[in-house]
There are 4 protein chains.
Amino acid sequence: MVEFRVDRGSGLPAYLQIAQQVREALRLGWLAPGDRLPAVREVVATSGVNPNTVLKAYRELEFAGLVEARQGAGTFVKAGLGTGDREALGQLYEELAGWLSRARQAGLEDEDVYALLRTALDPDRERE
Amino acid sequence: MVEFRVDRGSGLPAYLQIAQQVREALRLGWLAPGDRLPAVREVVATSGVNPNTVLKAYRELEFAGLVEARQGAGTFVKAGLGTGDREALGQLYEELAGWLSRARQAGLEDEDVYALLRTALDPDRERE
Amino acid sequence: MVEFRVDRGSGLPAYLQIAQQVREALRLGWLAPGDRLPAVREVVATSGVNPNTVLKAYRELEFAGLVEARQGAGTFVKAGLGTGDREALGQLYEELAGWLSRARQAGLEDEDVYALLRTALDPDRERE
Amino acid sequence: MVEFRVDRGSGLPAYLQIAQQVREALRLGWLAPGDRLPAVREVVATSGVNPNTVLKAYRELEFAGLVEARQGAGTFVKAGLGTGDREALGQLYEELAGWLSRARQAGLEDEDVYALLRTALDPDRERE
DNA sequence: GTGGTCTAGACCACG
DNA sequence: GTGGTCTAGACCACC
């Protein structure tokens, strides 16, 4: 079961945050084809957003072919996403968690961590 | 010298992307107090955004006390951000880059990497 | 310039009617890549639907890759649709118009015409 | 015997599609007064819709005075629809089928055909 | 009770 | 002035 976290004031529209979190859950294997997404009303209850916002996110995912809405039944995952190798994922997760704890000991905040990762993913960005 | 990358269609407003990239440059030490931000017309030339959008980003940073606009001279960094320990940062960056290359060998895409990091930063998100 | 006709009570949602009419205009060459769609506010004025309904239609077309919204500038046709042979289209149109006038002389109503066409398009439907 | 085709995702509600197909069958003479409509469970079996959806369609037709439900016996056609001239209809159908095959040779798809017909039925729609 | 559609209207981002 | 986002709430279609 996934639970969405909507961060108002992050600048990113709420419906995109929800859609992104579904995609992440698909990538990490928390959601698999056939699974049901939380009902719109559930998301409303837990996240405090408006029903239409959730619908918009679900519809976006439907357009992308990732989920399928069945009238009166719910919204279901249609396709998976990302690497299939769950084991490697777990291993990498452990390593990353270790690195993260070292980074925090060195005084880095979440923002620093994101900045580092973004640079590492796209080294060209660095310039002097 | 920093160069901004504005990703239209990422959902995040252009002016927030610029402001965020300045903050990241401050965190990583690419920009330090006294440095000049690129002129608005330079950013316009390299990023294709509207001048007003750049101005809005710079105003936002000025409001946050990070930069200072000097009439006719440009916009200058006023304060630093983040950990002062440049050495630790370099070390952590190398480790992260190593981890990242392993992750990519395992077939992970950028989105998978972000998903993992987000989970590592906020482990409560994972749920049965 | 296209003008939309929204038939409330046809059962088909208004936003789908608008999207469909844009697609038809693309097919018939009334709209070509680079053309601007009518502004949301114009459609609202001429069709009496709600702005959000128009937005939903335009967004649907954007998802389909047919149009592109440019902030503050409007929504523009990105890709064409259908056969490129405008001449053949005109010829066929004339023939169809002739047939249609004969059909009407024989007393057929629009509904009869649609029923005939649907059968002709999908002859398997006929069964006894 | 009529068989219904329900196209989920056409946007048109399922019950309206069924009712419309009955009306079309009446117009084209596939159904005549006294004929029995397929039983609800038959439609369910062939179309995959919910029994209530079929009932709603039949009720709608009954309301329109076109059919009549007889308890325990089924639903029967009460009135005809459209032009009585079966011969003219057949002739027009042949002509239309001929035109259609030429249209397809010219590369037109079903959508193009519908677009043409819609324009021919309502020529005012075309505009500069 | 499920998702889907539409309205009305406020506010924001961008040119 | 352009499109985009979100809210609130009514109503519909379907299971």
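1. A polar contact is a pair of N or O atoms within 3.5 Å; within protein, one atom must be able to donate a hydrogen and the other to accept it, and residues adjacent in sequence count only if both atoms are side-chain atoms. One such pair joins the protein to DNA strand F: an N or O atom in the side chain of Gln71(C) is 3.5 Å from a base nitrogen of the strand.

2. The model is predicted, with local features requiring pLDDT of at least 70, side-chain atom pairs counted only at pLDDT 80 or more, and totals for chains, interfaces and linings using all residues. Residues are numbered from 1 along each chain as its sequence is written, chains are lettered from A and ligands numbered from 1 in the order in which they are written, and side-chain values use heavy atoms, with hydrogens and water left out.

3. Consider the contact between chain A and chain B, where contact means heavy atoms within 4.5 Å. Chain A contributes 50 residues and chain B contributes 51 residues. The size of an interface is often given as the accessible area lost when the parts come together. Here the two chains bury about 5,200 Å² between them, 60% of it on carbon and sulfur atoms; buried area is the accessible area (1.4 Å probe) that two parts lose on being put together, summed over both.

4. How many salt bridges are there between chain A and chain B? The count is nine, a salt bridge being a side-chain nitrogen of Lys or Arg within 4 Å of a carboxyl oxygen of Asp or Glu. One of them pairs Arg5(A) with Asp122(B), at 2.8 Å from N to O. Between chain A and chain B there are also 11 residue pairs in polar contact, both residues at pLDDT 80 or more.

5. On the side of chain A that touches chain B, the elements giving two or more residues are helix 1 (14-28), helix 4 (86-105) and helix 5 (110-121) of chain A. Helices (H or I, at least four residues) and strands (E, at least two) are DSSP runs, numbered from the N terminus. Helix 5 of chain A supplies the largest share of this side, 12 residues. By class, the residues of this side are 24 nonpolar, eight polar and 18 charged; Ala, Val, Leu, Ile, Met, Phe, Trp, Tyr, Cys and Pro count as nonpolar, Asp, Glu, Lys and Arg as charged, and the others, Gly among them, as polar.

6. Chain D does not touch chain A, their nearest C-alpha atoms being 10 Å apart. Nor does chain D touch chain B, where the corresponding distance is 27 Å.

7. DNA strand E has 29 residues around it, of which Ala14(B), Ala14(C), Tyr15(C), Asn52(C) and Thr53(C) come nearest; a residue is near a strand if one of its heavy atoms lies within 4 Å of it. Of the atoms of DNA strand E within 4 Å of the protein, 68% belong to sugar and phosphate. Phosphate oxygens of this strand lie 3.2 Å from a polar backbone atom of Val40(A) and 3.2 Å from a side-chain N or O atom of Lys56(B). Helix 3 of chain A gives the most to the surface near DNA strand E, with four residues.

8. DNA strand F is surrounded by 29 residues, the closest being Ala14(A), Tyr15(A), Asn52(A), Ala14(D) and Asn50(D). A backbone N or O atom of Ala14(A) lies 2.3 Å from a phosphate oxygen of the strand, while a side-chain N or O atom of Asn50(A) is 3.2 Å from a base nitrogen. Helix 3 of chain C gives the most to this surface, with four residues.
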